Amino acid sequence: MADKKSEIRNPKSEIGNWQPKIIAFLCNWCSYAGADLAGVGRMQYPPNVRVIRIPCSGRMNPKFILAALRSGADGILVSGCHPGDCHYLSGNYFARRKFALFRSLLDYMGIEDGRIHFSWVSAAEGERFAEVISEVTEAVRAIGPSHRLNRKVMGRR
Amino acid sequence: MQEISSKIREIAAKLLAEKKVEAVLGFMPGTIPLISAPTVAGTSDEAASLCWDRFCGVNLANYLPKRTGGRVAVIAKGCDSRSIAGLVTENQIKRENVYIIGVPCTGMIDRAKVMAAAGSPEVELIENDEQVIIKADGKEITVALSDVLQDNCQGCEHRNPVVFDELIGAKVEEAAGGKINAAVAKVEAMPQNERWKHFDEMYSTCIRCYACRNACPLCYCEQCFVDDSQPQWCGKSTHPVDVKTFHIFRAYHCAGRCTDCGACERACPVNINVRELTRKLEKEVKELYGYEAGLRLEAMPPLGVYKEKDPQEFIK
């Protein structure tokens, strides 16, 4: 087993070969199926994304976003069904309000633009899923490793 | 103020004598200068010690959801009445279980500001509607009342109680307001890195005492997310990331519910301006969803409803 300490990241030393770690929270009914379609269709997209399947974008809790950032994620994507297409009829509408407020709060605190992304991807949009992932990966790569809310990088006071 | 005090005592004694309420939540003179202490008056004798002055800042709505038993009367300023309305909307208390004695309010004095002006905790105050004379160390300083009011009172838009069973005194003129937006705009105008630095510095003194949470009438959860350990959303240390995680979620939990009563800021032992995040959300909720917390009992909280046309330009 690797030494736990060696996992503690030092952004300065890894700038050269740094690859962004992106956590994607995908809704089971649309975006996850969209990702599946992209896979079945053998579409190419950056391998930086780690997918977590959630039942609905309405299940998304803003705590998940900070939990991911705290444990070292460099970027977050939350994706669900297009408005009107929610499997549970209204989950994504409630989610949209939650995201809007949470996003503006983090932006206000000075978390970089391009760290946290939201998208609507349907089960038929495999190609679009690949595009979104490429866009998100590029945006996160552009701003570099995340340390502002990363519990692993900042030392104890 | 004297008139209001005697009117409060009179009403409280009457309510208790007629057995309309079990107790009256109000204020009595505090044991240290510049703070009036919250108190529960259960008998007419106890009602005689009730008072009203510019040091009754504590939001009494905080005591309501934790209380068991019958009907109580509570003294409420504009912001307190909104908090009570919010608690009723969120089914934390029953409207018929509270008798709201509304008091129009022109602002509460910030103890920290007075002590800073006087340079001493041993202070005596003489105040009128416009000025405050501070007596300390044998000196007298005169300052404008608006300079020593709490920050949230300076920008208050709802000075008159919005829900009440009985109103004491005449309604006061509503201030023009809009100061929340101005205060938020100041931070919004900073570049991103500056904003981060600003908050980094601001929260660097936080000792995680949770006074802001405990003083808040909205924080009534039986188990707070900071106490969760499986999974642990927020570490328990004063590591800067843990501190900010706590403050982000504390503010976020108040989104669309905060009435800007200033309880959190008043309770902070290290004088952090904890309202900075909540008022940003208050502004956003008003702009995006046209909602202000606690103005109507039958209103639905903004995060409990949606519109198909809600703004979504941030979503790809």
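This is a selection-by-selection tour of a predicted model with chains A and B.

**Overall confidence**

Colour by pLDDT before selecting anything. Chain B has a mean pLDDT of 91, and 99% of its residues reach 70 or more. For the complex, the predictor reports an ipTM of 0.91 and a pTM of 0.91.

**Stop 1: the sheet of chain A**

Show chain A as a cartoon and select strands E1 to E4. They form an open four-stranded sheet in the order E2-E1-E3-E4, with parallel pairing. E2 and E4 of chain A are the edge strands; each has a single partner strand, so one side of each has no neighbour in the sheet. Looking along the sheet, the average turn between neighbouring strands is 20°, direction ignored.

Next select residues 22-27 and 49-54 of chain A, which are strands E1 and E2. These two run parallel and are joined by six bridges. For a landmark, pick Phe25(A): its bridge partner in E2(A) is Ile52(A).

Then move to the other pair, E3(A) at residues 75-80 and E4(A), which are parallel and joined by five bridges. The landmark here is Gly80(A), whose bridge partner in E4(A) is Trp120(A).

**Stop 2: the helix between E1 and E2 of chain A**

Add residues 31-40 of chain A, helix H2. Together with E1(A) and E2(A), this helix makes a right-handed β-α-β unit. H2(A) lies across E1, E2 and E3 of chain A and runs at about 110° to E1(A).

Before leaving chain A, select Leu89(A), in the loop between E3 and H4 of chain A. The phi of Leu89(A) is near 75°, a positive value in a residue other than glycine.

**Stop 3: where chain A touches chain B**

Bring chain B into view and select the contact residues. There are 34 in chain A, and they are in contact with 38 residues of chain B. On the chain A side, helix H3 (62-70), helix H4 (91-109) and strand E4 (116-120) each supply at least two residues. Which of these elements gives the most to the side that touches chain B? H4(A) does, with 13 residues. Colouring the chain A side by residue class gives 17 nonpolar, six polar and 11 charged residues.

**Stop 4: the five-stranded sheet of chain B**

Hide chain A and select E1, E2, E3, E4 and E8 of chain B. These strands form an open sheet in the order E2-E1-E3-E4-E8, and the pairing is mixed. At the edges are E2 (36-41) and E8 (166-167) of chain B, each of which pairs on one side only.

Zoom in on E1(B), residues 23-29, which is antiparallel to E2(B) and joined to it by six bridges. Gly26(B) has Thr39(B) as its bridge partner in E2(B).

Now add helix H1 of chain B, residues 2-17. H1(B) lies across E1, E2, E3 (72-76), E4 (98-102) and E8 of chain B, and runs at about 150° to E1(B). Helix H3 of chain B, residues 78-89, also packs on the sheet, where it touches E3 and E4 of chain B. The direction of H3(B) makes about 160° with that of E4(B).

**Stop 5: the two domains of chain B**

Colour chain B by its domain assignment: domain 1 covers 2-110 + 149-304, and domain 2 covers 111-148. Their C-alpha centres lie 25 Å apart. The contact between them takes nine residues from domain 1 and 10 residues from domain 2 of chain B. On the domain 1 side, the contact residues are five nonpolar, two polar and two charged.

Within chain B, select E5 (124-127) and E6 (131-136), an antiparallel pair with four bridges. Leu125(B) stands opposite Ile134(B) in E6(B), and a hairpin of three residues joins the two strands. Continue to E7(B), residues 139-144, which pairs with E6(B) in the antiparallel sense over six bridges. Here Ile133(B) stands opposite Thr142(B) in E7(B). The hairpin of E6(B) and E7(B) has two residues between the strands, and Asp137(B) takes a positive phi near 50°.

**Last stop: a cis peptide bond**

Select Gln230(B) and Pro231(B), which are joined by a cis peptide bond with omega about -5°. Pro231(B) sits in the loop between helix H9 (211-215) and helix H10 (240-253) of chain B.

Conventions
Residues numbered from 1 in each chain as written. Chains lettered and ligands numbered in written order. Predicted model: local features only at pLDDT ≥ 70, side-chain atom pairs only at ≥ 80, totals over all residues. Pairing = 2+ DSSP bridges. Right-handed = clockwise from strand over helix to strand, strands pointing away. Domains from an automatic or database assignment. Contact = placed C-beta atoms within 7 Å. Nonpolar A, V, L, I, M, F, W, Y, C, P; charged D, E, K, R; others polar. pLDDT = per-residue confidence, 0-100. Axes fitted to C-alpha atoms, helices over the stretch in contact; angles between N-to-C directions.
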